[in-house]
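Work through three short exercises on the structure below. Try each task before reading its solution.

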Amino acid sequence: MTPDVAGYGPRPLDLNLPNSARLYDVFLGGDHNTAVDRELAARIGAEAPHWILGARLNRRFLRRAVEYMTAQGIDQFLDLGSGIPTVGNVHEIAQQGDPYAKTVYVDYETVAVHTAQQLLAGTEHATILHADLRDPAGVLDHPETRRLLDFSRPVGLLIVGVLLFIPPEDRPEAIVAAYRDRLAPGSYLAISQASNDCPLPAVAAEIENVVAGYRDSDEQLTLRSRDEILSWFAGTELVDPGLVYYPDWRSEDEPLDQAQLDCRYGYVGLGRVPRRHDD
Ligand SMILES: C[S@@+](CC[C@H](N)C(=O)[O-])C[C@H]1O[C@@H](n2cnc3c(N)ncnc32)[C@H](O)[C@@H]1O
């Protein structure tokens with residue numbers, strides 16, 4: 001499959017160019033990556049060690065957000081930019097709480113999609129779309145999405161670690177709104193996004209190195225202010241502790257070390273669409 005005329009759609013596979021999905025796989029300790037991915041990941045890791053810790057904190061947020069939503073009774077999830085499957089995938093976490101929980105994954109990177117297809121073979125309650133999240137109608141109205149997800153009931157929408165790859169000209173606010181507007185009351189929206197306001201100068205310098213490093217990959221990074229990220233939660237109520245730096249999201253019962261606590265280069269939040277009687 002190739003991208004459509006607007007440049008949207010599944011990405012062409014190029015194993016000679018470092019790719020964001022496979023770089024993340026390296027950072028998480030996975031083995032679905034190539035020598036060029038590992039070389040660039042090593043360079044980024046040497047110049048920005050907190051980025052690797054941060055990738056793991058990002059994954060931790062994803063897990064904890066799904067656990068939280070599952071505990072609130074959410075039994076269907078849409079995971080945009082789901083990545084190469086790794087330890088603790090959304091459907092596995094969700095099905096620990098409810099074996100019949102449904103998950104639709106979406107990614108436009110070939111290795112991520114093929115690896116997920118292998119993992120999900122024979123799994124009735126989860127699927128992956130080889131699709132571009134910048135096409136909300138294409139994702140939301142896809143027959144597989146319609147088969148598994150019922151948008152008249154609450155859904156857990158995950159847009160984690162992916163909006164940083166969507167440049168301003170693609171209007172991430174409109175993309176998020178298009179998905180958010182389909183959510184029934186009682187639904188949740190989980191977002192994480194790297195930022196440019198890290199209060200620790202050494203870590204702030206690291207993130208500049210990361211942005212420079214990704215220029216040698218197939219995707220560029222866009223950092224964003226807290227206000228911009230907050231605006232993506234419009235119409236939802238943020239679950240405690242609100243929109244906070246990665247290490248500050250519900251860490252009381254899973255304490256972090258100092259290096260992890262220093263990973264203040266981006267924000268995570270979980271918003272809940274109010275039920276009508278909450279209004
Ligand atoms: C850093 S990984 C994040 C994986 C997972 N969400 C997590 O947080 O652990 C980002 C993923 O988003 C995917 N991605 C980036 N832009 C995308 C787009 N426009 N449509 C679909 N997937 C996209 C990449 O291919 C990659 O697999």
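The exercises below deal with two strands and one charged residue in this predicted model.

**Exercise 1. Strand β3**

Task: Decide whether strand β3 (residues 126-130) is enclosed or open, and find out what it pairs with.

Solution:

Step 1. Check the two sides. A126, I128 and H130 lie on one side of β3, and these residues are buried. T127 and L129 lie on the other side, and they are buried as well. Both faces are therefore covered, and with five of the five residues buried, β3 is largely enclosed by the rest of the structure.

Step 2. Look for a partner. Strand β2 (residues 102-107) pairs with β3 in the parallel sense, over five bridges. Across this pairing, Y105 stands opposite I128.

Step 3. Trace the connection. Helix α5 (residues 110-120) joins β2 and β3 in a β-α-β unit. The unit is right-handed.

**Exercise 2. Residue D25**

Task: Describe the surroundings of D25, and say what the side chain of D25 reaches.

Solution:

Step 1. Place the residue. D25 belongs to helix α1 (residues 20-27).

Step 2. Look for a salt bridge. D25 is buried but has none. A salt bridge would need the charged atoms within 4 Å. The nearest side chain of opposite charge is R38, 7.4 Å away.

Step 3. Look at the backbone instead. The D25 side chain reaches the backbone nitrogen of D31 at 3.4 Å.

Step 4. List the contacts, leaving aside neighbours within four places in sequence. D25 touches G30, D31, H32, N33 and I84.

**Exercise 3. Strand β5**

Task: Find out how strand β5 (residues 188-194) is covered, and which strands pair with β5.

Solution:

Step 1. Sort the side chains by direction. Y188, A190, S192 and A194 point one way. L189, I191 and Q193 point the other way. Every one of these residues is buried. With seven of the seven residues buried, β5 is therefore largely enclosed by the rest of the structure.

Step 2. Take the parallel pairing. Strand β4 (residues 156-160) runs parallel to β5, joined by five bridges. Here V160 stands opposite S192. From β4 the chain crosses through helix α8 (residues 172-180) to β5, a right-handed β-α-β crossover.

Step 3. Take the antiparallel pairing. Strand β8 (residues 266-272) pairs with β5 in the antiparallel sense over seven bridges. In this pairing, Q193 stands opposite Y267.

Step 4. Put the pairings together. β5 pairs with β4 in parallel and with β8 in the antiparallel sense.

Notes: Residues numbered from 1 in each chain as written. Predicted model: local features only at pLDDT ≥ 70, side-chain atom pairs only at ≥ 80, totals over all residues. Heavy atoms only, no water. Buried < 20%, exposed > 50% of the residue type's maximum accessible area, 1.4 Å probe, protein only. Helix = DSSP H or I, 4+ residues; strand = E, 2+ residues; numbered from the N terminus. Pairing = 2+ DSSP bridges. Right-handed = clockwise from strand over helix to strand, strands pointing away. Lys, Arg positive; Asp, Glu negative; His and termini not counted. Polar contact = N/O pair within 3.5 Å; in protein donor to acceptor, adjacent residues only side chain to side chain. Contact = heavy atoms within 4.5 Å.
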